[in-house]
Amino acid sequence: MSRTVSSWILSSARSSIILQGKGRCYSIRIPNINKSKWKLALSKTCPYPAGSCSLDRTFSFPKAFRHTSTEEEHFSFQLSPSQINNILRAGELSHRTLDLNGKNANSVLRFESNQLASNNPIEDRRSAATCLQTAGMMFGVFDGHAGAACAQAVSERLLHYIAMSLLPRQSLEEIELAVETMKPVRPILRWHRHPNDVEYQEIAPQYFENLRVYWQHLLDLDMEPGFSLEEAMICAFKRLDSDISLEAQAPQENELMRNIALQVAFSGATACVAHIDNVHLHVANTGDCRAVLGVCEEDGTWSALPLTRDHNAYDEFEIRRLKREHPRSEEKTLFVNDRLLGILMPSRAFGDVQLKWSKELQHSVLENSCDIEALNIYQYVPPNYHTPPYLTAEPEVTYHKLRSKDKFLVIASDGLWEMLSNEKVVKLVAEHLTELNMQKSPLTFKKPINLRYMHNLLLQRKSKRLASLDQNIATHLIRHAIGSNEHGKVDVEKLAAMLTLPEDLARMYRDDITVTVVYFNSETIEDHYRNH
């Protein structure tokens, strides 16, 4: 199988269409063009010197295992099982929720997360945090395109904007007073991060100042009792996207900070954020990331309950929304080849100011900028660009009241959902849960006990343990997403081939994948209904 895979992959890669552009190389493979969110895949060059806030510090799997080009003379798809596991598990993150007494009174029992890169560096990001001054936990998945800059900025900032939107007026006043008097500000979030997760340290002071302007705006609103959770999430999404746009327009003496602001604004990111407080689950979604609930019925059957809609050309609601917002003369050009203006797959996203600003504003900002080619800014105005903005970051917010039969929530970038259906994902998580519970269950003996019986029992347990390679469920899902054969079983040779695809080829066959699975505490949820 690996020989067939390798020969077909290499021949298809070397027959790709290569277009030489102005300082850029565009590689387009016609059968798989829809794999890329932007119609042309831009090469990623790094504008920053080593040690600065460049994006190359983000996680990508070990170079030792991955080919850099399809033109390599000695090309092999062979990986040992331990090498496969090292690659798949490098981005694992897990956290169990406990209170000060070591008990779990939270509706979130634990969460497990992982990432696998296709782009280099990976353009996906993720966030997880506990709210310290309000109740609840937040989990976010962010799928970047045209570079990682926008997804990076949104992953650092959005949860802060949401948390700030939820604070009561008194807390906002206390924070403002602390900043004015140069006293420490009480944190509003406790982050749960992977060691390889990075931040834009150099631009953090500006991000904080703009967050301060936002909470001052909230104080000026003088709203009591304040936002509902849905209003808070919508307001936070829209405000952050507005700040990203204004930061790129503002004059900057510091060239590094200006370059970052431009890269963030001219790249883009979709986002899906879940806020969980006791039995109250809110999911805010912009774009084509997805959140799906795993539900176990009383008879033991499992079902998938989607909590988001993919915002793209395949969604009738999105098509109607855009037609309402633009003149009838543009109805036939809003979506071309199932892309917004023939350019972008998602119809909602952060950044992507090329589809939000007027032509004049784009020209004015870029005319006074440094070398935009060095920043990989994609400067292109579609032929039917008449009434911007065509793109919005406003999310759709779904509310769901958790029940004891709601067992877990899967939030993932579209790299997972392109490979696995909602139902398949829920089935894989449910089977994994069953296997883990069987591994933890004590040995039960039938009398009389003899050595042969004990030997067979231990062999059965060993085989069950080997069948489930991954303790982290997100890794288990990624393994199946890229390695499953037509029968739904993991094919090791296919898995190795997919993991060793060269950088100039991997994007044709799989996208970056980011998965976070949140497990719910059924006992806490049942207690809530008993007490209320």
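In the predicted model, W357 is a buried residue, with a relative accessible area of 4%. Its aromatic partner is F266, and the two rings meet edge-to-face, with 5.6 Å from centre to centre and 85° between the planes. F266 is likewise classed as buried, at 3% relative accessibility. F266 belongs to helix 7 (residues 255-266), whereas W357 sits in the loop between strand 14 (350-351) and helix 9 (359-367), so the pair ties together parts that are 91 residues apart in sequence. In total, the structure contains 8 aromatic pairs.

Aromatic residues also occur in a cluster, which is formed by W302, F408 and Y519. One member of this cluster, Y519, has a charged neighbour: R110 lies over the face of the Y519 ring, 3.9 Å from the ring centre. A further arrangement of this kind involves R193, which is placed over the face of W191 at 4.3 Å from the ring centre.

At the level of the whole protein, the fold comprises 16 helices and 17 strands. Of the 532 residues, 54% are buried. Among contacts with a separation of 6 or more, 75% are made by residues 24 or more positions apart. The F266 and W357 pair, which links parts 91 residues apart in sequence, is an example of two residues brought together across the chain. The exposed surface of the protein amounts to about 24600 Å², of which carbon and sulfur atoms supply 53%.

Charged side chains were examined next. The structure contains 21 salt bridges. Two of the pairs described here lie within single helices. In helix 4 (residues 169-180), E173 and R169 are 4 residues apart, about one turn of the helix, and their side chains form a salt bridge with an N to O distance of 3.1 Å. Both partners are partly exposed: the relative accessibility is 38% for E173 and 27% for R169.

In helix 16 (residues 522-531), R530 and D527 are 3 residues apart, which means that about one helical turn separates them. The salt bridge between R530 and D527 has its closest N and O atoms 2.1 Å apart. R530 is exposed, with a relative accessible area of 59%, while D527 is partly exposed at 32% relative accessibility. Elsewhere, salt bridges that share partners connect E318, R321, E325 and R348 in one network.

The salt bridge between D315 and R309 presents another combination of environments. Its closest N and O atoms are 2.2 Å apart. D315 has a relative accessible area of 10% and is therefore buried, as the limit for this class is under 20%. R309, at 23% relative accessibility, counts as partly exposed. The pair thus joins a buried acidic side chain to a partly exposed basic one.

Taken by environment, the pairs described above can be set side by side. The aromatic pair of F266 and W357 has both residues buried. The salt bridge of E173 and R169 has both residues partly exposed. The bridge in helix 16 combines exposed R530 with partly exposed D527.

How values were computed. Residues are numbered from 1 along each chain as its sequence is written. This is a predicted model: local features need pLDDT of at least 70, side-chain atom pairs count only at pLDDT 80 or more; totals for chains, interfaces and linings use all residues. Side-chain values use heavy atoms; hydrogens and water are left out. A salt bridge is a side-chain nitrogen of Lys or Arg within 4 Å of a carboxyl oxygen of Asp or Glu. Buried means under 20% relative accessible area, exposed over 50%, partly exposed in between (1.4 Å probe, protein chains only). Contact means heavy atoms within 4.5 Å. Accessible areas come from the Shrake-Rupley method with a 1.4 Å probe; for residues, only the protein chains shown count as cover. Rings of Phe, Tyr and Trp (its six-membered ring) pair if their centres lie within 6.5 Å; planes under 30 degrees apart count as stacked, over 60 as edge-to-face and the rest as tilted. A charge sits over a ring if NZ of Lys or CZ of Arg is within 6 Å of the ring centre and within 35 degrees of the ring normal.
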